[in-house]
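Me: I have a chain to go through with you. Let us take it by short questions and answers.

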Amino acid sequence: MNFFKRNKRMTLYPKLITDALRHVIYPGTKKNIIDSGMLADNMRIDGMKVSFSLVFPRETDPFMKSTIKAAEAQIHYSVSKDVEVTIKPEFKSAPRPEVGNMLPGVKNIIAVSSGKGGVGKSTVSANLAIALAKLGYKVGLLDTDIFGPSMPKMFGVEDARPYAVEKYGRQLIEPIEKYGVKLLSIGFFVNPKVATLWRGGMATAALKQLIGDADWGELDYFILDTPPGTSDIHLTLLQTISITGAVIVSTPQKVALADAVKGIDMYTNDKVNVPVLGLIENMAYFTPAELPNNKYYIFGKDGCKNLAKEMGVPLLAQIPLVQSICESGDNGAPAATNPDSITGQAFLSLAQAVVTVVNRRNKEHGKTKIVRVNNEH
C-alpha cells in the first residue's frame, strides 16, 4: 500500500501531484499529460486541497472530460483519496495570422491620409465610413492614430470598452459598432486625460493588435484613419496589410497642398507602390447657414482640384466648410448620419466616388504587395 495513503498527517507538495499525473496518458498525443506540456503553471495547494489547470488544444477536444477524470482518479490513487482535487480546462490560443493574412474577410482597405494635421482627415474618415455603410456596404474603421485618437469622441462612444470573444481558438477584440460601422481605436484602452508616452515599438505593437487580434469579420471596406505626415505608424501599416489604395485629404491652402504632395509620394514611390485613388478637398469653401447658396473661398479656390490635375489623380470631392460639420463631430453624430443635409449629401457623393475608383482600380491592377524592409544599410 502507498505510504501516503496510511499517513493521515501527510503534506501535499507539487512533485507528488506531477508524479501522479505522469501516469495519465492523453490520447491526443499518446504521451502522459506532463510530457505533453498540458499542466498549466498555476498549481495551488492548501492543506489537502489542490487545484490546477490542464491545457487542451481546443474547447471541442473529445478527450477533455475523460482526461480530467483520469487525472483526478490518479491523484486519489497515487497520493490519497482524501485529496480534494479541482481541475479546470484551459485552451491554447491559436497564433496571430501571418502578415498578409490578418484580414481574410476584408475586400478593400482604404488609407485616409494627409500630409499635415488640421485638414479634417479624421472628419473625412468618419463620414466616409458612415456614408459607405449607408450605401449598404459592410464597413470597418480603424483609428490608427495611437498618440491622438479621435474616433471614440466623433462616434459618441468614449465610454465604450471593447470585450474579448473566443473565436477560431483565439481571444479576439470585438469592435464597437455604431452607425453600421465596426470601430476600434486605442482611445478605448487608454485614459483620454493622460498623454500616451510610448516609444515607436510600443505604438506599432498596439496597432498590430488592433488589426490582427480583432474580430473584423467580413468587410467590403476597411477604412484606416492614419496620423498626419509620415511615421512609424504608416510604415507598420504598409508592412502588415495590403492596402488597396489611399485617398489624400487637403485644404486648398498652398502650405497644405505642399504637404499633400509629400503624402502622395509616400504611397506612390517605388518601394511602396500603393495606388492613390484620389484627392479630397476639405474646407473647399465656406457656406453660412443663413446663406446656403453662397460660397466664400477663405482658404483659396480649387487648390486640390488643380493639384489633382497636375498629379494625374481624380478629385473625389470638394467638402464645404460649415459649422454643422464641426458640431456634429463633437456631438458624436457625424454629418453623414444626416444624408438630407448639404454636408451629408457631400459625403454620400464622396462614398460613391470612392466605390467607383476602387472598382476601377481592382479591374486594372492586382493586389498591392506588402512592403518588405531591408535592414541592411
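Me: Is Arg 22 buried, partly exposed or exposed?
Reply: The classes rest on relative accessible area: buried is under 20%, exposed is over 50%, and partly exposed lies in between (1.4 Å probe, protein chains only). Arg 22 has a relative accessible area of 42%, so Arg 22 is partly exposed.

Me: What kind of model is this, and how are residues numbered?
Reply: This is a predicted model, in which local features need pLDDT of at least 70, side-chain atom pairs count only at pLDDT 80 or more, and totals for chains, interfaces and linings use all residues. Side-chain values use heavy atoms, with hydrogens and water left out, and along each chain as its sequence is written, residues are numbered from 1.

Me: What is the mean pLDDT of the chain?
Reply: pLDDT is the predictor's confidence in each residue, from 0 to 100. Of the residues, 93% reach 70 or more. The chain's mean pLDDT is 87.

Me: Over which residues does pLDDT stay under 50?
Reply: Where pLDDT is low, the predicted coordinates should not be read in detail. The stretch in question has eight contacts beyond four places in sequence, a contact being heavy atoms within 4.5 Å. It covers residues 1–7.

Me: Which residue forms a salt bridge with Arg 22?
Reply: A salt bridge needs a side-chain nitrogen of Lys or Arg within 4 Å of a carboxyl oxygen of Asp or Glu. Here the closest N and O atoms are 3.4 Å apart. The partner of Arg 22 is Asp 35.

Me: How many residues apart in sequence are the parts that Arg 22 and Asp 35 tie together?
Reply: Helices (H or I, at least four residues) and strands (E, at least two) are DSSP runs, numbered from the N terminus. Arg 22 sits in the loop between helix 2 and strand 1, and Asp 35 in the loop between strand 2 (31–32) and strand 3 (44–46). Asp 35 counts as exposed, at 51% relative accessibility. The pair therefore ties together parts whose separation in sequence is 13 residues.

Me: Which residue does Asp 19 meet in a salt bridge?
Reply: The search of the whole structure finds six salt bridges. Asp 19 is partly exposed at 32% relative accessibility. Asp 19 and its partner both lie in helix 2 (residues 14–21), four residues apart, about one turn of the helix. With N to O at 2.8 Å, the partner is Lys 15.

Me: Is Asp 259 buried or exposed?
Reply: Asp 259 lies in helix 8 (residues 254–268). Its side chain meets that of Lys 262 in a salt bridge of 3.8 Å, N to O. Lys 262 is exposed, with a relative accessible area of 56%. Asp 259 has 17%, so Asp 259 is buried.

Me: Which residues does Asp 259 contact, leaving aside neighbours within four places in sequence?
Reply: Lys 262 is three residues from Asp 259 in helix 8, about one helical turn. That puts Lys 262 among the neighbours left aside. The contacts of Asp 259 are Gly 115 and Lys 116.

Me: How many aromatic pairs are there?
Reply: Rings of Phe, Tyr and Trp (its six-membered ring) pair if their centres lie within 6.5 Å; planes under 30 degrees apart are stacked, over 60 edge-to-face, the rest tilted. By this rule the count is six.

Me: What is the geometry of the pair Tyr 26 and Phe 56?
Reply: Tyr 26 is in strand 1 (residues 25–26) and Phe 56 in strand 4 (residues 49–56), so the pair ties together parts 30 residues apart in sequence. Tyr 26 is buried at 5% relative accessibility, and Phe 56 is buried at 0%. Ring pairs also link both with Phe 63 into a cluster. Ring centres 6.1 Å apart and planes at 70° make the pair edge-to-face.

Me: Which residues does Leu 315 touch, not counting those up to four places away in sequence?
Reply: Leu 315 is in strand 15 (residues 315–321). Leu 315 is partly exposed, with a relative accessible area of 28%. Glu 281 is 34 residues from Leu 315 in sequence, yet 7.7 Å in space, C-alpha to C-alpha. Leu 315 touches Leu 279, Glu 281, Cys 304, Lys 305 and Ala 308.
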